[in-house]
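Q: I would like a close look at a single part of this protein, explained slowly enough for someone in a first year of study. Please follow that part from strand to strand before turning to anything else.

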Amino acid sequence: MNNSIKFLIKEKNVNERIDVFLSKKINYLTRSNIKKIIQSNLVKINNKSVDSPSKKIKANDTIIIVIKPVQSKKLLPKKIKLDVQFEDKDILIINKPKGMVVHPGAGNYNNTLANGLIYKYRNHLSNINGELRPGIVHRIDKETSGLLVIAKNNLAHSKLGKQFSEHSIKRKYLCLVWGVIRPFKGQIKTLISRSKKNRQLMTVTDVKGKQAITNYKTIKLFNIKNVPKISLIECELETGRTHQIRVHMTSINNPLIGDKLYGKSKINQFGKDKETFNKFLILKNFSRHALHSYKLGFTHPTNKKYVEFKLELPKDMRELLELLVKY
(Lines give C-alpha, C1' and ligand atoms only; values in the text may rest on other atoms or scores of the structure.)
Protein backbone atom coordinates (compact mmCIF):
# COMPACT_ATOMS: atom_id res chain seq x y z
CA MET A 1 0.00 0.00 0.00
CA ASN A 2 1.37 3.41 -1.03
CA ASN A 3 1.96 6.10 1.58
CA SER A 4 1.16 9.74 0.61
CA ILE A 5 2.47 12.69 2.62
CA LYS A 6 1.27 16.27 2.11
CA PHE A 7 3.06 19.52 2.97
CA LEU A 8 2.00 23.19 2.79
CA ILE A 9 4.99 25.51 2.27
CA LYS A 10 5.49 28.36 4.73
CA GLU A 11 7.47 31.57 4.22
CA LYS A 12 10.57 30.26 6.02
CA ASN A 13 10.98 27.49 3.44
CA VAL A 14 10.63 29.68 0.33
CA ASN A 15 13.35 29.11 -2.31
CA GLU A 16 14.60 25.88 -0.77
CA ARG A 17 15.31 23.01 -3.15
CA ILE A 18 12.52 20.48 -3.00
CA ASP A 19 14.89 17.56 -2.34
CA VAL A 20 16.48 19.44 0.56
CA PHE A 21 13.07 20.36 2.02
CA LEU A 22 11.70 16.80 1.78
CA SER A 23 14.84 15.17 3.19
CA LYS A 24 14.55 17.45 6.25
CA LYS A 25 10.85 16.75 6.70
CA ILE A 26 11.08 12.99 6.15
CA ASN A 27 14.19 12.14 8.09
CA TYR A 28 14.27 8.44 7.21
CA LEU A 29 14.80 9.33 3.53
CA THR A 30 18.11 10.65 2.19
CA ARG A 31 18.36 13.18 -0.64
CA SER A 32 19.37 10.27 -2.85
CA ASN A 33 16.14 8.46 -1.92
CA ILE A 34 14.14 11.64 -2.60
CA LYS A 35 15.80 12.08 -5.99
CA LYS A 36 14.77 8.57 -7.05
CA ILE A 37 11.19 9.23 -5.92
CA ILE A 38 11.10 12.50 -7.92
CA GLN A 39 12.50 10.73 -11.00
CA SER A 40 9.67 8.21 -10.68
CA ASN A 41 7.12 11.07 -10.95
CA LEU A 42 5.91 10.49 -7.40
CA VAL A 43 6.28 14.08 -6.19
CA LYS A 44 3.83 16.83 -7.15
CA ILE A 45 3.69 20.57 -6.48
CA ASN A 46 0.15 21.97 -6.82
CA ASN A 47 -0.87 18.74 -8.62
CA LYS A 48 1.92 19.02 -11.21
CA SER A 49 4.74 16.45 -11.30
CA VAL A 50 8.15 17.74 -10.27
CA ASP A 51 10.76 17.22 -12.99
CA SER A 52 13.92 18.08 -11.04
CA PRO A 53 15.19 17.60 -7.46
CA SER A 54 16.65 21.12 -7.63
CA LYS A 55 13.27 22.82 -8.19
CA LYS A 56 12.75 25.73 -5.78
CA ILE A 57 9.57 25.86 -3.70
CA LYS A 58 7.34 28.88 -3.14
CA ALA A 59 5.08 30.14 -0.37
CA ASN A 60 1.73 28.31 -0.16
CA ASP A 61 2.85 25.53 -2.51
CA THR A 62 1.18 22.20 -1.78
CA ILE A 63 3.56 19.27 -2.06
CA ILE A 64 2.45 15.66 -2.18
CA ILE A 65 4.99 12.83 -2.11
CA VAL A 66 4.01 9.20 -2.68
CA ILE A 67 6.25 6.63 -1.01
CA LYS A 68 5.89 3.14 -2.44
CA PRO A 69 6.97 0.08 -0.47
CA VAL A 70 10.08 -1.48 -1.98
CA GLN A 71 9.26 -4.67 -3.89
CA SER A 72 12.03 -7.21 -3.78
CA LYS A 73 12.81 -10.90 -3.48
CA LYS A 74 12.66 -12.29 0.00
CA LEU A 75 15.97 -12.32 1.82
CA LEU A 76 16.70 -15.67 3.44
CA PRO A 77 18.48 -15.67 6.79
CA LYS A 78 21.70 -17.65 6.81
CA LYS A 79 24.09 -18.39 9.64
CA ILE A 80 27.28 -16.65 8.56
CA LYS A 81 30.12 -15.72 10.90
CA LEU A 82 30.23 -11.95 11.32
CA ASP A 83 33.32 -10.14 12.61
CA VAL A 84 31.61 -7.45 14.70
CA GLN A 85 34.08 -4.78 15.82
CA PHE A 86 31.56 -2.59 17.67
CA GLU A 87 27.85 -2.61 18.46
CA ASP A 88 25.32 -0.44 20.26
CA LYS A 89 21.57 0.11 19.88
CA ASP A 90 22.00 2.16 16.69
CA ILE A 91 24.97 0.87 14.70
CA LEU A 92 27.22 -2.09 13.98
CA ILE A 93 30.80 -1.92 12.74
CA ILE A 94 31.63 -4.99 10.67
CA ASN A 95 34.99 -6.22 9.40
CA LYS A 96 33.99 -7.68 6.03
CA PRO A 97 36.35 -10.39 4.80
CA LYS A 98 37.55 -10.65 1.20
CA GLY A 99 35.23 -12.70 -0.99
CA MET A 100 32.01 -11.71 0.78
CA VAL A 101 29.35 -9.84 -1.21
CA VAL A 102 27.62 -7.11 0.81
CA HIS A 103 24.05 -7.62 -0.41
CA PRO A 104 22.20 -9.95 -2.83
CA GLY A 105 22.27 -9.43 -6.56
CA ALA A 106 23.42 -10.96 -9.85
CA GLY A 107 22.36 -14.47 -8.85
CA ASN A 108 23.88 -14.46 -5.35
CA TYR A 109 20.96 -14.32 -2.91
CA ASN A 110 22.10 -16.61 -0.12
CA ASN A 111 25.73 -16.03 0.88
CA THR A 112 25.98 -12.30 1.44
CA LEU A 113 26.62 -10.10 4.44
CA ALA A 114 22.93 -9.14 4.33
CA ASN A 115 21.91 -12.81 4.76
CA GLY A 116 24.13 -13.05 7.83
CA LEU A 117 22.81 -9.79 9.26
CA ILE A 118 19.16 -10.78 8.92
CA TYR A 119 19.91 -14.17 10.54
CA LYS A 120 21.53 -12.59 13.61
CA TYR A 121 19.57 -9.37 14.00
CA ARG A 122 16.16 -10.17 12.43
CA ASN A 123 14.02 -7.03 12.64
CA HIS A 124 16.64 -4.92 14.45
CA LEU A 125 17.99 -3.37 11.25
CA SER A 126 16.99 -0.39 9.13
CA ASN A 127 14.76 -1.11 6.12
CA ILE A 128 15.08 2.14 4.16
CA ASN A 129 16.91 0.41 1.31
CA GLY A 130 14.44 -2.45 1.04
CA GLU A 131 14.26 -6.05 2.17
CA LEU A 132 17.41 -7.14 0.32
CA ARG A 133 19.60 -4.52 1.99
CA PRO A 134 18.74 -4.57 5.72
CA GLY A 135 20.95 -2.10 7.56
CA ILE A 136 23.16 -1.53 4.52
CA VAL A 137 24.21 2.14 4.40
CA HIS A 138 27.21 1.74 2.07
CA ARG A 139 29.18 -1.09 0.53
CA ILE A 140 32.63 -2.16 -0.58
CA ASP A 141 33.57 -4.53 -3.40
CA LYS A 142 33.38 -8.30 -2.94
CA GLU A 143 37.17 -8.72 -2.88
CA THR A 144 37.84 -5.58 -0.82
CA SER A 145 38.18 -6.30 2.90
CA GLY A 146 37.56 -4.08 5.87
CA LEU A 147 35.22 -1.77 7.74
CA LEU A 148 31.53 -1.19 7.10
CA VAL A 149 28.95 0.62 9.24
CA ILE A 150 25.50 -0.99 9.52
CA ALA A 151 22.37 0.87 10.69
CA LYS A 152 20.11 -0.86 13.21
CA ASN A 153 17.19 1.56 12.75
CA ASN A 154 15.89 4.02 10.16
CA LEU A 155 16.83 7.16 12.06
CA ALA A 156 20.46 6.04 12.36
CA HIS A 157 20.43 5.05 8.67
CA SER A 158 19.08 8.44 7.63
CA LYS A 159 21.68 10.38 9.63
CA LEU A 160 24.54 8.19 8.40
CA GLY A 161 23.23 8.44 4.83
CA LYS A 162 23.28 12.21 5.08
CA GLN A 163 26.94 12.13 6.14
CA PHE A 164 27.79 9.94 3.16
CA SER A 165 25.86 12.30 0.84
CA GLU A 166 27.76 15.27 2.26
CA HIS A 167 31.08 13.38 2.01
CA SER A 168 31.83 14.09 5.68
CA ILE A 169 32.57 10.44 6.56
CA LYS A 170 36.28 9.63 6.93
CA ARG A 171 37.17 6.56 4.85
CA LYS A 172 40.78 5.46 4.55
CA TYR A 173 42.11 2.47 2.63
CA LEU A 174 45.47 0.76 2.32
CA CYS A 175 46.44 -0.73 -1.02
CA LEU A 176 49.46 -2.22 -2.76
CA VAL A 177 50.00 -0.96 -6.29
CA TRP A 178 52.46 -1.60 -9.09
CA GLY A 179 55.02 1.13 -9.67
CA VAL A 180 55.82 4.51 -8.14
CA ILE A 181 53.14 7.19 -7.90
CA ARG A 182 54.35 10.66 -8.84
CA PRO A 183 54.09 12.84 -6.86
CA PHE A 184 54.32 10.65 -3.74
CA LYS A 185 51.37 12.52 -2.23
CA GLY A 186 48.48 14.18 -4.00
CA GLN A 187 44.90 14.15 -5.17
CA ILE A 188 43.18 12.47 -8.11
CA LYS A 189 40.07 14.35 -9.20
CA THR A 190 38.12 13.10 -12.23
CA LEU A 191 34.70 12.16 -13.49
CA ILE A 192 33.83 8.46 -13.33
CA SER A 193 31.11 6.76 -15.36
CA ARG A 194 30.24 3.28 -16.57
CA SER A 195 32.27 2.09 -19.54
CA LYS A 196 30.44 1.98 -22.86
CA LYS A 197 32.56 -0.97 -23.99
CA ASN A 198 32.06 -3.12 -20.89
CA ARG A 199 29.18 -2.36 -18.53
CA GLN A 200 30.96 -4.20 -15.70
CA LEU A 201 33.72 -1.61 -15.75
CA MET A 202 33.86 1.98 -14.56
CA THR A 203 36.12 4.45 -16.33
CA VAL A 204 37.57 7.96 -16.02
CA THR A 205 35.90 10.38 -18.43
CA ASP A 206 36.34 14.00 -19.47
CA VAL A 207 32.79 15.05 -20.24
CA LYS A 208 30.23 13.09 -18.25
CA GLY A 209 29.95 11.06 -15.10
CA LYS A 210 30.07 11.70 -11.36
CA GLN A 211 32.87 13.64 -9.72
CA ALA A 212 35.33 11.38 -7.90
CA ILE A 213 38.05 12.60 -5.55
CA THR A 214 40.76 10.39 -4.04
CA ASN A 215 43.50 11.77 -1.79
CA TYR A 216 46.54 9.52 -1.59
CA LYS A 217 49.99 9.31 -0.04
CA THR A 218 52.81 6.82 -0.41
CA ILE A 219 53.53 5.00 2.84
CA LYS A 220 56.37 2.80 1.58
CA LEU A 221 58.16 2.19 -1.72
CA PHE A 222 59.66 -1.24 -2.35
CA ASN A 223 62.58 -1.16 -4.77
CA ILE A 224 63.88 -4.74 -4.89
CA LYS A 225 66.44 -6.03 -7.39
CA ASN A 226 64.86 -7.96 -10.29
CA VAL A 227 61.36 -7.16 -8.99
CA PRO A 228 59.02 -4.48 -10.42
CA LYS A 229 58.63 -1.51 -8.06
CA ILE A 230 55.69 -1.75 -5.65
CA SER A 231 54.14 0.94 -3.44
CA LEU A 232 52.06 0.77 -0.27
CA ILE A 233 49.52 3.57 -0.59
CA GLU A 234 46.98 5.13 1.76
CA CYS A 235 43.89 6.47 0.00
CA GLU A 236 41.28 8.70 1.60
CA LEU A 237 37.98 9.08 -0.23
CA GLU A 238 36.17 12.39 -0.52
CA THR A 239 33.55 10.68 -2.69
CA GLY A 240 32.41 7.07 -2.89
CA ARG A 241 32.02 6.04 -6.52
CA THR A 242 31.85 2.43 -7.66
CA HIS A 243 35.40 0.96 -7.88
CA GLN A 244 36.77 4.48 -7.29
CA ILE A 245 40.24 3.65 -5.95
CA ARG A 246 40.77 0.85 -8.47
CA VAL A 247 39.74 3.08 -11.37
CA HIS A 248 41.84 6.02 -10.19
CA MET A 249 44.97 3.94 -9.62
CA THR A 250 44.63 2.34 -13.06
CA SER A 251 44.08 5.76 -14.66
CA ILE A 252 47.55 6.87 -13.52
CA ASN A 253 49.16 3.55 -14.55
CA ASN A 254 49.51 2.22 -11.00
CA PRO A 255 46.96 -0.61 -10.89
CA LEU A 256 46.35 -2.56 -7.70
CA ILE A 257 48.20 -5.82 -7.27
CA GLY A 258 45.81 -8.68 -8.00
CA ASP A 259 43.19 -6.53 -9.76
CA LYS A 260 42.04 -8.81 -12.56
CA LEU A 261 39.32 -6.43 -13.72
CA TYR A 262 41.29 -3.19 -14.08
CA GLY A 263 44.97 -3.97 -13.67
CA LYS A 264 47.53 -5.77 -15.75
CA SER A 265 50.03 -7.71 -13.66
CA LYS A 266 53.65 -6.67 -14.03
CA ILE A 267 54.81 -10.13 -13.02
CA ASN A 268 56.35 -10.60 -16.48
CA GLN A 269 58.72 -7.72 -15.82
CA PHE A 270 60.74 -9.82 -13.38
CA GLY A 271 64.33 -10.36 -14.32
CA LYS A 272 65.55 -13.77 -15.50
CA ASP A 273 66.55 -14.70 -11.96
CA LYS A 274 64.34 -17.76 -11.31
CA GLU A 275 65.22 -17.79 -7.61
CA THR A 276 63.85 -14.25 -7.22
CA PHE A 277 60.79 -15.12 -9.27
CA ASN A 278 60.00 -18.11 -7.06
CA LYS A 279 60.46 -16.07 -3.88
CA PHE A 280 57.83 -13.61 -5.08
CA LEU A 281 55.42 -16.10 -6.61
CA ILE A 282 52.86 -14.74 -4.12
CA LEU A 283 52.62 -11.69 -6.39
CA LYS A 284 51.54 -13.81 -9.33
CA ASN A 285 49.14 -15.87 -7.26
CA PHE A 286 47.62 -13.05 -5.20
CA SER A 287 43.95 -13.96 -5.40
CA ARG A 288 42.25 -10.56 -5.17
CA HIS A 289 42.91 -6.86 -5.53
CA ALA A 290 45.07 -5.69 -2.63
CA LEU A 291 42.68 -3.17 -1.09
CA HIS A 292 41.60 -2.90 2.55
CA SER A 293 39.25 -0.43 4.26
CA TYR A 294 41.23 0.11 7.44
CA LYS A 295 39.82 3.31 8.96
CA LEU A 296 36.25 4.62 9.28
CA GLY A 297 35.21 7.75 11.15
CA PHE A 298 31.89 9.60 11.45
CA THR A 299 29.56 11.45 13.78
CA HIS A 300 27.52 8.95 15.80
CA PRO A 301 23.87 9.27 14.71
CA THR A 302 22.53 9.42 18.27
CA ASN A 303 25.06 10.91 20.67
CA LYS A 304 26.55 13.14 17.89
CA LYS A 305 30.11 12.45 19.04
CA TYR A 306 32.84 11.70 16.51
CA VAL A 307 33.79 8.01 16.53
CA GLU A 308 36.60 6.31 14.64
CA PHE A 309 37.43 2.66 14.02
CA LYS A 310 40.66 1.14 12.75
CA LEU A 311 41.77 -2.31 11.57
CA GLU A 312 45.05 -4.04 10.92
CA LEU A 313 45.77 -5.48 7.49
CA PRO A 314 44.22 -8.89 6.80
CA LYS A 315 46.44 -11.96 6.67
CA ASP A 316 46.96 -12.12 2.89
CA MET A 317 48.02 -8.48 2.52
CA ARG A 318 50.09 -8.65 5.71
CA GLU A 319 52.03 -11.69 4.48
CA LEU A 320 52.73 -10.02 1.15
CA LEU A 321 53.87 -6.84 2.89
CA GLU A 322 56.13 -8.77 5.26
CA LEU A 323 57.79 -10.50 2.30
CA LEU A 324 58.42 -7.17 0.57
CA VAL A 325 59.84 -5.67 3.77
CA LYS A 326 62.11 -8.71 4.23
CA TYR A 327 63.79 -8.25 0.86
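In what order do the four strands of the open sheet stand, and is their pairing parallel or antiparallel?

A: The model shown here is a predicted one, and the sheet you ask about is an open sheet of four strands, which stand in the order E1-E4-E2-E3 with antiparallel pairing. At its edges are E1 and E3, the latter covering residues 48-49, and each of these edge strands pairs on one side only.

It helps to cross the sheet one pair at a time. Strand E1, made of residues 3-8, runs antiparallel to strand E4, made of residues 62-67, and six bridges join the two; within this pair, Ile5 stands opposite Ile65 of E4. On the next step, E4 is joined by three bridges to strand E2, residues 43-45, again in an antiparallel arrangement. Here Ile65 appears once more, as the bridge partner in E4 of Val43, so that a walk from Ile5 to Ile65 and on to Val43 leads across the sheet, given that two strands count as paired if at least two bridges are found between them. As a rule for reading such strands, the side chains in a regular strand alternate between the two faces of the sheet.

The last step goes from E2 to E3, which run antiparallel and are joined by two bridges, and in this pair Lys44 stands opposite Ser49 of E3. The loop between E2 and E3 holds Asn46, whose phi is near 55°, a positive value in a residue other than glycine.

Two helices belong in the picture as well. Helix H1, residues 18-25, lies across E1, E2 and E4 and runs at about 65° to E4. Helix H2, residues 31-39, also packs on the sheet, where H2 touches E2 and E4, and the direction of H2 makes about 95° with that of E4.

Beyond the sheet, a few other features can be located for orientation. The loop between strand E8 (170-178) and strand E9 (185-194) contains Pro183, and the peptide bond that joins Arg182 and Pro183 is cis, with omega at about -10°. The second largest pocket holds about 210 Å³ of space and is lined by 15 residues, with Asp83, Asn95, Lys96, Pro97 and Lys98 lying nearest its centre. Its lining divides into four nonpolar, three polar and eight charged residues, and strand E6 (91-96) and helix H8 (315-326) each supply at least two residues of that lining.

Finally, the model contains four aromatic pairs. In the pair of Phe280 and Tyr327, the ring centres are 5.4 Å apart and the planes are at 65°, so the pair is edge-to-face. Because Phe280 lies in the loop between helix H6 (274-279) and helix H7 (281-285) while Tyr327 lies in the segment after H8, this pair ties together parts that are 47 residues apart in sequence.

Note on methods: Residues numbered from 1 in each chain as written. Predicted model: local features only at pLDDT ≥ 70, side-chain atom pairs only at ≥ 80, totals over all residues. Heavy atoms only, no water. 1 Å grid on protein atoms, 1.4 Å probe; cavity = no way out; pocket = protein on both sides within 12 Å on 5 of 7 lines; lining within 4 Å. Points joined across faces, edges and corners; volume = space filled by probe spheres on them. Nonpolar A, V, L, I, M, F, W, Y, C, P; charged D, E, K, R; others polar. Contact = heavy atoms within 4.5 Å. Axes fitted to C-alpha atoms, helices over the stretch in contact; angles between N-to-C directions. Phe/Tyr/Trp six-rings, centres within 6.5 Å; stacked < 30°, edge-to-face > 60°.
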